[in-house]
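Notebook open, structure viewer open. I want to go through the packing and the strands one piece at a time and jot down what I find.

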Amino acid sequence: FTYIYNINGKIGILNKEKINEKDKEGKPIKNKEYYILNIEGLIFRFKENRIREPLYMIPSKEECFEFIDNGCNIETTQELFIELEKYLNSLFDFRNKGDAKKCALYILFSYVIPYFNSSFFFGIDATKGAGKTTLLEIIAFLSRHGFLADVSPASIPRLKEKYDLSIFVDEIDELKNKEDIEGLLRKGQRRGNKYVRLNKNSLEEEIYEAFGIYGYSFRSSVEDAFKQRSIITRTATAKDGRLSVINLEKNTFLKPIFNKIFFWYIKNIFEFGSSSSKVVRVVGKSTNEQINFRDNFYDNLTSDFSKEENELIKKLFGRNSEIAYLFIRTCKLLKLNLLEEISKIIEEKQEDEEVPDNYYVDLIIEIFNEKLLQNQDWTLSKGEFIGYKYYPKTLFYFELIKTLKEHNLSGIGFKKWNSLLKDIGFIDKFNIRNQKTKGEKNPKPCLIFSKDVLKKLGIEYEEQIIDKIEIQKFK
């Protein structure tokens, strides 16, 4: 394998070459080969005679020579970003217009991560068959040192540190023995954080660098801590049947744009480096006259931000302000103007956190209004929740599946369905109870749309129904 190097702005290729050498007795050594890096007369000889095959995508030797022979000419960052977005839209049906830009920016962020002390993750939320694996494979293929971690979870910390990998995990919620993956994610947002585990055989501690790029997909739910550190993209079943065929050879189609990104990175390594003082800015010494240290620290980190960029960050809190800062700083580094898109990404993230699974919730409200609200058969006539609506849990699930299909959306797994119910406020043995339904002899688990659930869904009963409840309570 051939490696391409940029040394102080000069680019060259590592080759295996024979060198005329003599042994200790002065006799010529035949067929002695070394890895040699020759950059404009500067020659470096590598001690290792064998270079390990990397676990991630790299250009071929011929592609590297072609790049150098063409004078190392590359597209501008803006041109590359536009072309990358087109590739993503060509290979995947995104739910939202801005999702391709979101993916493109995260891919480029993976290449400039060495200039940051903080990171954030990329999550893909989808049910089975909704293309989550395809999208994850595309992002992993195009990212710097991208690695789809379809290996033993226990090996991932070692492989990540050894090869400096960007880790992508499919269906993280379904993994068995996932403590290593989750341990890396908990530590991986800050440079310098270590993931420590105990070797089960030697009982010695093993310490790994955790900081870096992580992406994952999930079918049901993941820890809130992971989601808060992530930008989440939701996927749906593709509407174009040709995509399934095209994606059988997606790596072939993606290779040209990968090469462009890789060579763009190689050419600009030191251009990025010249801006690193603003990416990882060192706050200067504070004088006694500087009263508000917080203002001083923040101003040092954002001195080149526009008024609009600062306003966006200051109206956010916690992880969201961190991610907004990292997005804006990445765009500054790459000289991209994407403030409007960043604002929309953060706004979507906030909405998603404020109301669980918005698009599912909207459809649950729709079903409630159409099936239950005006139908007295689904009104409880006695008990603690007298006057409130109820419906068999399994039947409601099938109604939701049917409604999702009518809206051209993918289904929802039963595990995620239960997680969604919990987020909305349904609790086993409280407002999920066995109830007899009309025409049925045996009771079955039913969802009771109690006052707390209705409040979370934003549903208001008409006054006469509330009155009925109060009247019957006092009978």
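These are my entries, in the order I looked things up.

**Before starting.** I am working from a predicted model, and I keep that in mind throughout.

**Entry 1: the cores.** I went for the nonpolar cores to begin with. The largest one has 69 residues. Ile4, Leu84, Leu88, Leu108, Leu142, Ile261 and Trp264 have the most contacts inside it. I picked Leu88 and listed its neighbours, skipping anything up to four places away in sequence: Phe94, Ala100, Cys103, Ala104, Ile107, Ile138 and Leu142. There is also a second, separate core, with 36 residues. Trp378, Tyr397, Leu447 and Leu457 are among them.

**Entry 2: a hairpin.** Next I looked at strand 10 (residues 194–198) and strand 11 (residues 205–209), which form a hairpin with six residues between them. Five bridges hold the antiparallel pairing, and Val196 sits opposite Ile207 of strand 11. In the turn, I noted that Leu203 has a positive phi of about 60°.

Which side chains of strand 11 are buried? I found Glu206 and Tyr208 buried on one face, while Glu205, Ile207 and Glu209 point to the other face and are not buried. Alternation between the two faces of the sheet is what a regular strand shows.

**Entry 3: two helices.** I then checked how helix 12 (residues 307–314) packs with helix 13 (residues 318–334). Their axes are 9 Å apart, at an angle of about 160°. Angles over 145 degrees count as roughly antiparallel, so that is what I call this pair. From helix 12, Glu309, Leu312 and Ile313 make the contact; helix 13 brings Ser321, Ala324, Tyr325, Ile328 and Lys332. By class I get five nonpolar, one polar and two charged residues.

**Entry 4: a three-stranded sheet.** What is the strand order in this open sheet? I read it as 14-16-15, with antiparallel pairing. Strand 14 (390–392) and strand 15 (432–435) are the edges, each pairing on one side only. Neighbouring strands are turned by 45° against each other on average, ignoring direction.

Between strand 14 and strand 16 (residues 444–448) I have three bridges. Tyr391 has Leu447 as its bridge partner in strand 16, and Leu447 is also one of the residues in the second core.

Last, I looked at what lies over this sheet. Helix 16 (residues 393–406) lies across strand 14, strand 15 and strand 16, and I noted that it runs at about 80° to strand 14.

Key:
Residues numbered from 1 in each chain as written. Predicted model: local features only at pLDDT ≥ 70, side-chain atom pairs only at ≥ 80, totals over all residues. Heavy atoms only, no water. Axes fitted to C-alpha atoms, helices over the stretch in contact; angles between N-to-C directions. Helix = DSSP H or I, 4+ residues; strand = E, 2+ residues; numbered from the N terminus. Parallel < 35°, antiparallel > 145°, perpendicular 65-115°, else oblique. Contact = heavy atoms within 4.5 Å. Nonpolar A, V, L, I, M, F, W, Y, C, P; charged D, E, K, R; others polar. Pairing = 2+ DSSP bridges. Buried < 20%, exposed > 50% of the residue type's maximum accessible area, 1.4 Å probe, protein only. Core = buried A, V, L, I, M, F, W, Y, C linked by side-chain atoms within 4.5 Å.
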